[in-house]
Amino acid sequence: RFPEEIAAQYIQQMAHALLYLHSKHVIHRDIKPENLLLGLKGELKIADFGWSVHAPDSRRLTLCGTLDYLPPEMVEGREHGKNVDLWSLGVLCYEFLVGAPPFEDSVGFRATYRRIAKVEFKIPEYVSSEAQDIINKLLQHDPEKRLDLNAVLLHPWILKHTKILGSK
């Protein structure tokens, strides 16, 4: 688990990186800790673009990515777009703060699929209310209701624990 200050800094960096990717019509589709590298100055770098897609039309049907990070639209076989990366950002935030993914189920992958489809998870009480809020706003079943990346950057939890990138 990371302290909230560190997790917020990483989520801020990820939001900036995803804004850039999405501005180029690239959907990563496999955001997870194993696909993040840490630079010498603590900066996150996204790696492994194996599942990414350049999608100017932005709608896809491929089931891809990592089980614990799959959004409901993928597990339900529906079309998906760039908002799959918003879902993964919410899962990443949860995992940074809790130390495990929110939908993981020891019974097996079918149980995990069911929990994702129902958006069934519990945030431990030790996670601050601001962090709980950003997680809940990213982990929305309806992709259009997920907190957009600009709103992530302006979220009170991010602002409380970070400074704007590039400022001193």
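A crossing of two helices is left-handed if the near helix is turned anticlockwise from the far one by less than a right angle, and right-handed if clockwise. Keep that in mind for the helix pairs on this tour.

The model is predicted, so local features need pLDDT of at least 70 and side-chain atom pairs count only at pLDDT 80 or more, while totals for chains, interfaces and linings use all residues. Residues are numbered from 1 along each chain as its sequence is written, and side-chain values use heavy atoms, with hydrogens and water left out.

**Stop 1: the whole chain**

Show everything as a cartoon. You will find seven helices and four strands (helices are DSSP runs of H or I with at least four residues, strands are runs of E with at least two, numbered from the N terminus). Read along the sequence, the order is α-β-β-β-β-α-α-α-α-α-α. Of the 168 residues, 49% count as buried (buried means under 20% relative accessible area, exposed over 50%, partly exposed in between, with a 1.4 Å probe and protein chains only). Now switch on the surface: about 8,700 Å² is exposed, and carbon and sulfur atoms supply 54% of that area (areas come from the Shrake-Rupley method with a 1.4 Å probe; for residues, only the protein chains shown count as cover). Among contacts with a separation of 6 or more, 61% join residues 24 or more positions apart (contact means heavy atoms within 4.5 Å).

**Stop 2: H3 and H5**

Select residues 83-98 for helix H3 and 129-138 for helix H5; their axes come within 8 Å and cross at roughly 150° (axes are lines fitted to C-alpha atoms, for helices over the stretch in contact, and angles run from 0 to 180 degrees between N-to-C directions). H3 and H5 are therefore roughly antiparallel (angles under 35 degrees count as roughly parallel, over 145 as roughly antiparallel, 65 to 115 as roughly perpendicular and the rest as oblique). Their crossing is left-handed. Show side chains for the contact: H3 brings Leu-86, Trp-87, Leu-89, Gly-90, Cys-93, Tyr-94 and Leu-97, and H5 brings Ala-131, Ile-134, Ile-135 and Leu-138. By class, this contact has 10 nonpolar, one polar and no charged residues (Ala, Val, Leu, Ile, Met, Phe, Trp, Tyr, Cys and Pro count as nonpolar, Asp, Glu, Lys and Arg as charged, and the others, Gly among them, as polar).

**Stop 3: H1 against H3**

Keep H3 and add H1: the two pack at about 165°, with axes 10 Å apart. That makes H1 roughly antiparallel to H3, and their crossing is right-handed. In the contact, H1 supplies Glu-4, Ala-7, Tyr-10, Ile-11, Met-14, Leu-18 and His-22, while H3 supplies Asp-85, Leu-89, Leu-92, Cys-93, Phe-96 and Leu-97. Here the count is 10 nonpolar, one polar and two charged residues.

**Stop 4: around strand S1**

Next, pick His-25, in the loop between helix H1 (4-23) and S1. His-25 has a positive phi of about 65° although it is not a glycine, and it is partly exposed at 42%. Move to Ile-27 in strand S1 (residues 26-27), which is buried at 3% relative accessible area. Its C-alpha lies 7.4 Å from that of Gly-81, 54 residues away along the chain. Then try Arg-29, in the loop between S1 and strand S2 (36-38): its phi is also positive, about 70°, and Arg-29 is buried at 9%.

**Stop 5: Asn-150**

Finish at Asn-150 in helix H6 (residues 149-153). At 46% relative accessibility, Asn-150 is partly exposed. Which distance separates the C-alpha atoms of Asn-150 and Ala-15? They are 7.8 Å apart in space, with their positions 135 residues apart in sequence.
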